[in-house]
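Subject: The helical model, and what turned up in it

Hello,

Here is the structure I promised to pass on to you. Have a look first, and then read on for what I found in it.

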Amino acid sequence: MRRGDGINRLVDMLDIEVPSNHVWHNMDGDLIDFDVPRCGALCLWSLARSTKNKDSIRRAGAIPLLAKLLQSKHVSVIIPVVGILHECASEASFRLAIRTEGLLGDFVDGLKTNNFQLVQFCASAIYMVNFVNNSQINFV
């Protein structure tokens, strides 16, 4: 995937045009279809288990796009996005980027939902970003 530019293409799938007021309709008034970014996020989530892939995902510019998708409030999109961020939070550069983008607030908002799976992933992501140091990563 890394050699064939696949990760960059998957990150490009996350890019969705959204008006600045976060109304999730396109210019014609139709609801925005989240199937493409959801599928891209699911693929990246499975690839994020590899340290080299995590670095490639970060270098491809995924963090701002993931932050934008977290604002969607579509659970089918948010769960794989939080899953990617959780997997990648084992890397110090990703933890810093997550804090810089202000994504911890979005994780806290995810704790307030009724979706058990989303609550579980958000709690785990908060733990990974805030409490895991390099010596604990191998044991989590």
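Throughout this note, contact means heavy atoms within 4.5 Å. Please also keep in mind that this is a predicted model.

With that cut-off, we can start from Leu44. Leaving aside its neighbours within four places in sequence, Leu44 is in contact with Ile7, Leu10, Val11, Leu14, Ile57 and Ile84. Leu44 is also among the residues with the most contacts inside the largest nonpolar core, together with Leu70, Val81, Val82, Leu85, Ile98 and Phe107. That core has 40 residues. Helices 1, 2, 4, 5, 6, 7 and 8 each supply at least two of its residues, and helix 5 (75–88) gives the most, with eight. In general terms, nonpolar side chains tend to be buried together in soluble globular proteins.

The overall picture

The protein chain has eight helices and zero strands. Of its 140 residues, 42% are buried. Among contacts with a separation of 6 or more, 64% join residues 24 or more positions apart. The chain exposes about 7700 Å², and carbon and sulfur atoms supply 53% of that area.

Helix 1 and the loop after it

Which residues of helix 1 are buried? They are Gly6, Ile7, Leu10 and Val11. These four cover an arc of only 140 degrees around the axis, so they sit on the same side of helix 1. The face turned away from that buried side carries the exposed residues Arg9 and Asp12. Cover for the buried residues of helix 1 includes helix 2, helix 3 (51–59) and helix 4.

Leu14 comes next, in the loop between helix 1 and helix 2. Is Leu14 buried or exposed? Buried means under 20% relative accessible area, and Leu14 is at 0%, so Leu14 counts as buried. Not counting neighbours within four places in sequence, Leu14 is in contact with Pro37, Gly40, Ala41, Leu44, Leu65, Leu66 and Leu69. Leu14 and Ala62 are 48 residues apart along the chain, yet their C-alpha atoms are separated by 7.8 Å.

Helices 4 and 5

The axes of helix 4 and helix 5 come within 9 Å and cross at roughly 145 degrees. This crossing is left-handed. On the helix 4 side, Leu66, Leu69 and Leu70 meet Val77, Ile78, Val81, Val82, Ile84 and Leu85 of helix 5. Leu66 and Leu69 are also among the contacts of Leu14, while Leu70, Val81, Val82 and Leu85 appeared above among the residues with the most contacts in the core.

Helix 6

In helix 6, the buried residues are Phe94, Arg95, Ala97 and Ile98. They lie on the same side of the helix because they cover an arc of only 165 degrees around its axis. Leu96 and Thr100 are exposed on the other side. The buried residues of helix 6 pack against helix 3, helix 4, helix 5, helix 7 and helix 8. If you check backbone torsions, note Gly102, which follows helix 6 and has a positive phi, near 75 degrees.

Helix 7 and its partner

Leu103, Asp106, Phe107 and Gly110 are buried in helix 7. Their arc around the axis is only 100 degrees, which puts them on the same side of helix 7. What covers them includes helix 4, helix 5, helix 6 and helix 8.

Why does Asp106 count as buried? Its relative accessibility is 15%, and the limit for buried is under 20%. Not counting residues up to four places away in sequence, Asp106 touches Leu70 and Gln71.

Helix 7 also crosses helix 8: their axes come within 8 Å, at roughly 145 degrees, and the crossing is left-handed. Helix 7 brings Leu104, Phe107, Val108, Gly110 and Leu111 to this contact. From helix 8 come Leu118, Val119, Cys122, Ala123, Ala125, Ile126, Val129 and Asn130. Phe107 and Gly110 are thus both buried in helix 7 and part of its contact with helix 8.

Enjoy exploring the model!

Best wishes

Technical notes:
Residues numbered from 1 in each chain as written. Predicted model: local features only at pLDDT ≥ 70, side-chain atom pairs only at ≥ 80, totals over all residues. Heavy atoms only, no water. Core = buried A, V, L, I, M, F, W, Y, C linked by side-chain atoms within 4.5 Å. Buried < 20%, exposed > 50% of the residue type's maximum accessible area, 1.4 Å probe, protein only. Areas by Shrake-Rupley, 256 points an atom, 1.4 Å probe, with all protein chains shown as cover. Arc of directions from axis to C-beta. Axes fitted to C-alpha atoms, helices over the stretch in contact; angles between N-to-C directions. Left-handed = near helix turned anticlockwise from the far one by under 90°.
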